[in-house]
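Please read the sequence alongside the coordinates shown below. The explanation that follows goes from one residue to the elements around another part of the chain.

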Amino acid sequence: MSPDRVRDAMIPEPRTVDAAARAQEAGTHLTQPDVRAVYVCDDGRFVGVVTRKTLVQEIVAAGRDPREVRVGEIAEQPNWTLDPDVPLDEAFALLEAWDAERVPVVEGGVLVGVLSRSALQRRLAEDEPPAELDQQQV
């Protein structure tokens with residue numbers, strides 16, 4: 001049996017925004033407390049990520065109008081991506097080394113999911129065999 005892969009633990013089909021959408025739409029998504037990044041796609045192809053920091057730097061500080069700027073223009077390439085066939089233990093080691101909480105999972109240029117380090121950590125902990133019982137019980 002093959003070891004579990006990233007595809008087994010990723011959040012499939014994350015919410016995305018089309019590259020042609022306005023920056024204002026990305027900003028609206030980012031007002032939700034559980035949303036830290038907006039994933040940008042163009043005809044199914046992964047373009048990049050927009051965060052609050054991106055909006056501050058590329059829109060607010062630059063004096064641009066968020067109703068006019070398209071998210072595809074300001075989307076940043078993520079520092080890392082993962083392939084869905086990477087073994088889970090290897091993916092966890094990479095997330096730890098990168099100090100990354102969430103990493104896009106990309107297959108053939110298409111965003112297929114997002115891997116969360118905390119969810120992966122819980123998954124790996126569940127997969128650990130239970131501690132052996134003490135054999136010296138009377």
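In this model, which is predicted, a convenient starting point is L120, a residue of helix α6, the helix that covers residues 117-127. Its relative accessibility is 1%, and L120 therefore counts as buried, the cut-off for that class being under 20% relative accessible area. If residues up to four places away in sequence are left aside, the contacts of L120 are with A9, L88, A91, F92, L95 and L115. A further relation across the sequence involves V6: although L120 and V6 are 114 residues apart along the chain, their C-alpha atoms are separated by 8.9 Å.

We turn next to helix α2. This helix comprises residues 23-30, and among its residues A23, A26, G27, H29 and L30 are buried. Viewed down the axis of α2, these buried residues fall within an arc of 160 degrees, so they line one face of the helix. As for what that face meets, the buried residues of α2 pack against the strands β2 (16-18), β3 (38-42) and β4 (45-50), and also against the helices α3 and α4 (71-74).

Of these partners, α3, which spans residues 52-60, can be described through its geometry relative to α2: the axes of the two helices come within 10 Å and cross at roughly 145 degrees, and the crossing is left-handed. On the side of α2 the contact is made by A23, A26, G27 and L30, while α3 contributes R52, L55 and I59. Sorted by character, the residues of this contact divide into 5 nonpolar, 1 polar and 1 charged.

H29 also belongs to helix α2, and because its relative accessible area is 15%, below the cut-off of 20%, H29 is classed as buried. Which residues does H29 touch, when those up to four places away in sequence are not counted? The contacts of H29 are with R15, V17, V35 and V38.

The strands deserve a look of their own, since β2 and β3 are both among the elements against which the buried residues of α2 pack. β2 and β3 pair with each other in the parallel sense, over 3 bridges, and T16 has Y39 of β3 as its bridge partner. The strand β3 is itself mostly covered, with 4 of its 5 residues buried.

Key:
Residues numbered from 1 in each chain as written. Predicted model: local features only at pLDDT ≥ 70, side-chain atom pairs only at ≥ 80, totals over all residues. Heavy atoms only, no water. Axes fitted to C-alpha atoms, helices over the stretch in contact; angles between N-to-C directions. Left-handed = near helix turned anticlockwise from the far one by under 90°. Contact = heavy atoms within 4.5 Å. Nonpolar A, V, L, I, M, F, W, Y, C, P; charged D, E, K, R; others polar. Buried < 20%, exposed > 50% of the residue type's maximum accessible area, 1.4 Å probe, protein only. Arc of directions from axis to C-beta. Pairing = 2+ DSSP bridges.
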